[in-house]
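Got a protein model open and not sure where to start? Let's walk through it together, one question at a time.

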Amino acid sequence: MHDTAELERFRDVQRLCYRCADEVAGTLEPGVTEREVCRRMRRWLRERGVDDWLHTPFAWFGDRTAFRGFKVPTQFLPSGTRLEEGMPYILDMAPVKDGYSADIGYGGVLGENRIWERLDADLAAYRRLILDLVRERRTFAAIYAEVDALIDRQGYQNRHRKYPGRVIGHQVGIIGGFLPKRVGFPFGVRFLQTIGRELVKERLEGRSPLWNGAAQSQHPPTPGLWAVEPHIGFRGVGVKFEEILVVTEDDAYWLDDDLPHVHRWARREQAR
Amino acid sequence: MTAVTSRRVRGDGVDLAVYEQGDRSRPTVLLVHGYPDTHAVWDEVAGRLAGRFHVVRYDLRGAGASSRPSGRRHYAFEHLMADMRAVLDAVVPGRAVHLAGHDWGSIQAWEAVCTMPERFASFTSISGPCLDHVAHWTRRTLARPTPSNLKRAAGQAVRSWYIYFFQTPVLPELLWRAGMSRPFARALKVGEGVAAREGHPARTMGRDGASGVGLYRANMARRLSRPRDRRTDVPTQIIVPTRDVFVSPHLVGGLAGRVPNLSLRPIAAGHWVPRSHPDAVARWLAEHIAGVEGGPLTAAESRGLRRAKVGPGRRPFDGSLVVVTGAGSGIGRATALAFAERGAEVVAADLDLATAQRTAELAGLLGPEGHAFKVDVSDPTAMEDFAKSVLHDHGVPDVVVNNAGIGMAGSFFDHTDDDWRKVLDVNLWGVIHGSRLFAAQMVERGQGGHIVNTSSAAAFTPSRALPAYATSKAAVLMLSECLRAEVKGKGIGVSAVCPGIVNTNITRTSRFVGQDGDEEARSQERVARAYARRNFGPDGVAEEIVAAVRRDRAVVPVTLEARLGYAASRAAPGLMRLLARLDVGR
């Protein structure tokens, strides 16, 4: 388990990511490509001390936010798709700074999009639902099924099932190791080393550092830090959030509540 | 009926008999008859319009009580146009009128709106194309001689047999004079279901037919061989009878380029629509005029206008009203959304109101605002109230999807009376109620429509595990086929959709008879997982339903296993019987 000082370091990296997302989102203009936006995120983070990656930044525009037509993993990589007025977008980054990592997802839309507004408003429920169920210490697989049921009731599609391992979340920790700080297309090699080690270690205890709906996730929440990323889609629009959930032996809480999407949902709730 | 006053107007060297009815201060509608009719062919339509409009009709030269110049040159377009101007100047000087023409009345009305558009506020064409457009259409069609184009061109060529005949000298006149009236009236009755009445066919038909041949001789060859570039900005609506034996419905193809403000109103009817469907014709005329003048419109009327409108960016179900039962989840919700995405206004009905509301809300994100209803399809009174509410609030639906259904599995001997009743009440009676009530509304309106009933691959795949469910779905399939046979002639399509293994929540709500709570929950879970592995979502079914409506398909097996089952049930029923013995329920 991490102590308060360590949690503070994780919170700082996560805040740095959200600041980056906010600032880069402010620069988005019609015609910009996913590749260009990823370059901006990388540069912004590098300039502020980021020295490694769990994975290099991703950006998805338009119906790519809902992973429409995604069949092979390379389709997740930044493409030449250009942003247009009314298009939704998702920025996703997972930098490492002095060993402390974060993994965030940031949804937005250029201009107006009614579908995106509705989806984003409905996404708020997942932040509450997941936290409540983790506190009840339901198994990860059961929570995954509950999330699926809510997606179904809302009439949307589960998009996190498209992620490698169909994960809704994965464990994060302090990244270290003997391997060089390189990126292995698009994952950081030290992250792969860590997750590989954890996969073996956790497997021995009947658990998994990956959180999905499969049999390996039929265990109560493992104490530690979990990057949780529910991703829902409707027609050509997808929206997600991703942030760190702190799971302790008998409780759980979001690492930080001072986040753009949390404030956005509160504002929307007030306006109603 | 309002009184008809008649007067005579001096046309271009002829005397024309002009008939008026309705309040002169109201907007004027000019109805122009075709060949071999007189103004009286419009009696029914004029009577229905006279309460709201000033209705003017006249007998064309050579017809009814107007003069009959002899010699083909007197029937050329320039004289017809001069006649029409004379009538307008005498009856409503300086005012733009709403023009409607049938057959030759429509052909010359096209000439009028293209050459003197300032005189017309709107135009409705029925079964009489612009000759110049026909010539362009034919050239364009033959320039790309694909099989379907050749078929269309040949279709119109065959429909035009009488035009060639009318080019023969003397013979047509002799035939008309010899007494064609009686066989004509008979053909009208048999071919179009239109009974003879006072005024139509007219007593003057023999003479009208003989004189009117001049229309064909003076204009047809000239225009078809040297077509002009005819365009008009007058808001134009074309009523397209799909069973016209003289004018092919395909002739409207490509018209939008020449007529920017264009609406199409297809109707399952023959050539004499004003006689066979006066209600629809009068309603469409009034709607079209109200749309042009900005008059007050009901929700159903303004939807009708949107539905008829041709234009870029038009979605295929713009202006359509679509009712879906069981729309709170699964195939029902996906279907509602698929139609909404294509422009339809959706009425989502479900036993669970909250889920129906959610569907309506999502539909509103993709298309026009959706509506939710709580209804138990197995309850006849509730269904009647539902059908009435839909009619009252939104009008007659264009598409109804009777989709609500429940699952039930287990041995025949474990099914109790109540189990059977429950399955049949929802799966069969729900479809019966929905079909009966909404098909009646569609027939009454007379503008066609489509009914989709959700059957199942189980309808033709016997199984010892699904006796009640499969029976109910087989009944739905047969009901759909029978209903289809009856309403086909009224322009209403009926489709039975047989999905197969589709991943929806039906697996988790299905009853497994003969099993207690825990065992049943395990069965539900097991089947749900199997269906999830099959990984065919309800969206795929919804797409097939939309396609079935657009192509009017009778039976639609959706998934691969449904298609195979459908083929095998006909090719190898013995194999199906063998497979039916597998106990897949355990």
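What follows is a chat between a visitor and a guide about this predicted model.

Visitor: Let's begin with chain B. What percentage of the residues in chain B is buried?

Guide: Chain B has 586 residues. A residue counts as buried here if 20 or more other C-beta atoms lie within 10 Å of its own. By that rule, the buried part of chain B comes to 50%.

Visitor: And how many helices and strands does chain B have?

Guide: Picture a C-alpha trace spanning about 95 × 50 × 40 Å along its principal axes. Within chain B, the tally is 22 helices and 18 strands.

Visitor: How far apart are the centres of domain 1 and domain 2 of chain B?

Guide: The domain assignment puts domain 1 of chain B at 5–310 and domain 2 at 321–580. Taking the centres over C-alpha atoms, the separation between these two domains of chain B is 44 Å.

Visitor: Which helix gives the most to the side of domain 1 of chain B that touches domain 2 of chain B?

Guide: Eight residues of domain 1 of chain B are in contact with nine of domain 2. On the domain 1 side, α11 (278–293) and α12 (299–308) of chain B each supply at least two residues. That side divides into five nonpolar, one polar and two charged residues. The top contributor, with three residues, is α12(B).

Visitor: Now over to where the chains meet. Which helix supplies the largest share of the side of chain A that touches chain B?

Guide: Seven residues of chain A are in contact with seven of chain B. Both α3 (114–135) and α4 (140–154) of chain A supply at least two residues each to chain A's side. The largest share, three residues, comes from α3(A).

Visitor: How many charged residues are on the side of chain A that touches chain B?

Guide: Split that side of chain A by class, and you get one nonpolar residue and two polar ones. The charged residues there number four.

Visitor: Chain A has an open sheet of three strands. Which are its edge strands?

Guide: The strand order in chain A is β5-β11-β12, with antiparallel pairing. An edge strand pairs on one side only, and in this sheet that fits β5 (157–158) and β12 (237–240) of chain A.

Visitor: Which residue in β11(A) is the bridge partner of A:Asn158?

Guide: Two bridges join β5(A) to β11 (residues 231–234) of chain A, and these strands run antiparallel. In β11(A), the partner of A:Asn158 is A:Ile232.

Technical notes
Residues numbered from 1 in each chain as written. Chains lettered and ligands numbered in written order. Predicted model: local features only at pLDDT ≥ 70, side-chain atom pairs only at ≥ 80, totals over all residues. Contact = placed C-beta atoms within 7 Å. Helix = DSSP H or I, 4+ residues; strand = E, 2+ residues; numbered from the N terminus. Nonpolar A, V, L, I, M, F, W, Y, C, P; charged D, E, K, R; others polar. Buried ≥ 20, exposed ≤ 12 C-beta atoms within 10 Å, placed from the backbone. Pairing = 2+ DSSP bridges. Domains from an automatic or database assignment.
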